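Colleague: I'd like a close look at one part of this protein before I get back to the bench. Could you walk me through it in one go?

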Amino acid sequence: MKHLIVYCHPNPDSFNNAIVDAFIGSLKAKGHEVVVRDLYAMEFDPVLKGDDFEALREGNTPSDIKTEQEHVKWADAFTMVYPIWWTGLPALIKGYVDRVFSYGFAYAYGEDGNIRKLLAGKKGLIINTHGTPAEIYSKTGMYEGLTITSDTGIYEFCGIEPVGHLFFGSVPQIDDAARQEMLKEVKDKAVSLFE
Ligand code: FAD
């Protein structure tokens, strides 16, 4: 299976980076093909500009968007890995979605007014870390909110089938053994989801 991982964290030694490494290790051990787009390392431009709208409308997709869309097209499975910042996607990866999942590429409106889901057939996974304890996010409904806005609002909107969403809470406060358990869960998930 062909996997595209879109990863967003400014620190190459972050725990999120360890998650990406663990996920890739498991996938490759199973013989999957993997491409990682490290948005900070690439210095991806997240700002959807007026010029982008015009170029997209005229069918002249800007080259940086086109490159990312080719990766999305290639993939059977699409995974985003990022920390929760202000209860959502960090601006850089939000901007990736704004620019890459463009009208006519990820979705379109049909003549009947209904949404055409142009990325149908792909599977989608999200892996998030956050600082708030998991019990608080469960109790307050934050997990449902994050799931609805990302899995439903982004993936399902474009036809990507959400196959999982891992949330790891209290990441900065817990000890190393607890974080190793989280990395094990990531590896196990890669195996159980993508045989
Ligand atoms: P890091 O800080 O990189 O690492 C955490 C710990 O893991 C460190 O001690 C590190 O040394 C250790 N580590 C690194 N690699 C490994 C490894 N291989 N094995 C074991 N340990 C390792 N949290 C919320 O809950 N809700 C919010 O709305 C929210 N908003 C935020 C907004 C901003 C702008 C910022 C900066 C943070 C926010 N946070 C929020 C907190 C944030 O989500 C967490 O700090 C983040 O998810 C932790 O993940 P990390 O990869 O950044 O951890």
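Colleague: Let's start with Lys94: does Lys94 count as buried, partly exposed or exposed?

Modeller: Lys94 counts as partly exposed, at 39% relative accessibility. Keep in mind that this is a predicted model.

Let's stay with the helix around that lysine. Lys94 forms a salt bridge with Asp98, and their closest N and O atoms are 3.0 Å apart. Both sit in helix H5, 4 residues apart, so about one helical turn separates them. Asp98 is partly exposed too, with a relative accessible area of 32%. As for the general idea, side chains of opposite charge can pair when their charged atoms come close.

The rest of H5 is another story. Of its 10 residues, 7 are buried, so the helix is largely enclosed by the rest of the structure. The buried ones are Leu92, Ile93, Gly95, Tyr96, Val97, Arg99 and Val100. What covers them includes strand E1 (2-7), helix H2 (39-42), helix H3, helix H4 (63-74), strand E3 (77-83) and helix H7.

Asp98 also takes us to the largest pocket, which has a volume of about 410 Å³. The pocket is lined by 19 residues, and the closest to its centre are Asp98, Phe101, Ser102, Tyr103 and Tyr107. Helices H3 (50-57), H5 and H7 (142-158) each supply at least two residues of that lining. H7 gives the largest share, with 4 residues.

Tyr103 deserves a stop of its own. You'll find Tyr103 in the loop between helix H5 (91-100) and strand E4 (107-109). At 45% relative accessibility, Tyr103 counts as partly exposed. Together with Tyr109 and Ile115, Tyr103 forms a nonpolar patch on the surface, and the three have about 300 Å² of accessible area together. So that you can place this tyrosine twice on your screen: Tyr103 is among the residues closest to the centre of the largest pocket, and Tyr103 is also part of that surface patch.

On the other side of H5 in sequence is the loop between E3 and H5, where Thr87 lies. Thr87 has a phi near 55°, a positive value in a residue other than glycine. At 42% relative accessibility, Thr87 counts as partly exposed. Glu43 has a positive phi as well, about 55°, although it is not a glycine. Glu43 is in the loop between H2 and H3, and it counts as exposed, at 70% relative accessibility.

Now for the elements that cover H5. Strand E3 is one of them, and Thr79 lies in that strand. Thr79 is buried, with a relative accessible area of 0%. Leaving out residues up to four places away in sequence, Thr79 touches Leu4, Ile5, Val6, Phe23, Leu125, Ile127 and Tyr155.

Helix H4 is also part of the cover, and there you can see another charged pair. Glu70 forms a salt bridge with Lys73, with the closest N and O atoms 3.2 Å apart. Glu70 and Lys73 are 3 residues apart in H4, so about one helical turn lies between them. Glu70 counts as partly exposed at 38% relative accessibility, and Lys73 counts as partly exposed at 48%.

How do these pairs fit into the wider picture? The count for the model comes to 9 salt bridges. Another one links Lys184 and Asp188, whose closest N and O atoms are 2.8 Å apart. Both of these residues lie in helix H8 (residues 176-193), 4 residues apart, about one turn of the helix. Lys184 is partly exposed, with a relative accessible area of 44%, and Asp188 is partly exposed at 40%. Besides such pairs, salt bridges that share partners join Asp52, Asp64 and Arg99 into one network. That brings us back to where you began, as Arg99 is one of the buried residues of H5.

Conventions
Residues are numbered from 1 along each chain as its sequence is written. This is a predicted model: local features need pLDDT of at least 70, side-chain atom pairs count only at pLDDT 80 or more; totals for chains, interfaces and linings use all residues. Side-chain values use heavy atoms; hydrogens and water are left out. Patches are made of residues with over 30% relative accessible area and no salt bridge: like charges are joined within 9 Å, nonpolar side chains (Val, Leu, Ile, Met, Phe, Trp, Tyr) within 5 Å. Accessible areas come from the Shrake-Rupley method with a 1.4 Å probe; for residues, only the protein chains shown count as cover. A salt bridge is a side-chain nitrogen of Lys or Arg within 4 Å of a carboxyl oxygen of Asp or Glu. Buried means under 20% relative accessible area, exposed over 50%, partly exposed in between (1.4 Å probe, protein chains only). On a 1 Å grid over the protein atoms alone, a cavity is a set of points where a 1.4 Å probe fits but cannot get out, and a pocket is an open set with protein on both sides within 12 Å along at least five of seven lines; lining residues have an atom within 4 Å of a point. Grid points are joined across faces, edges and corners, and a volume is the space filled by probe spheres set on the points. Contact means heavy atoms within 4.5 Å.
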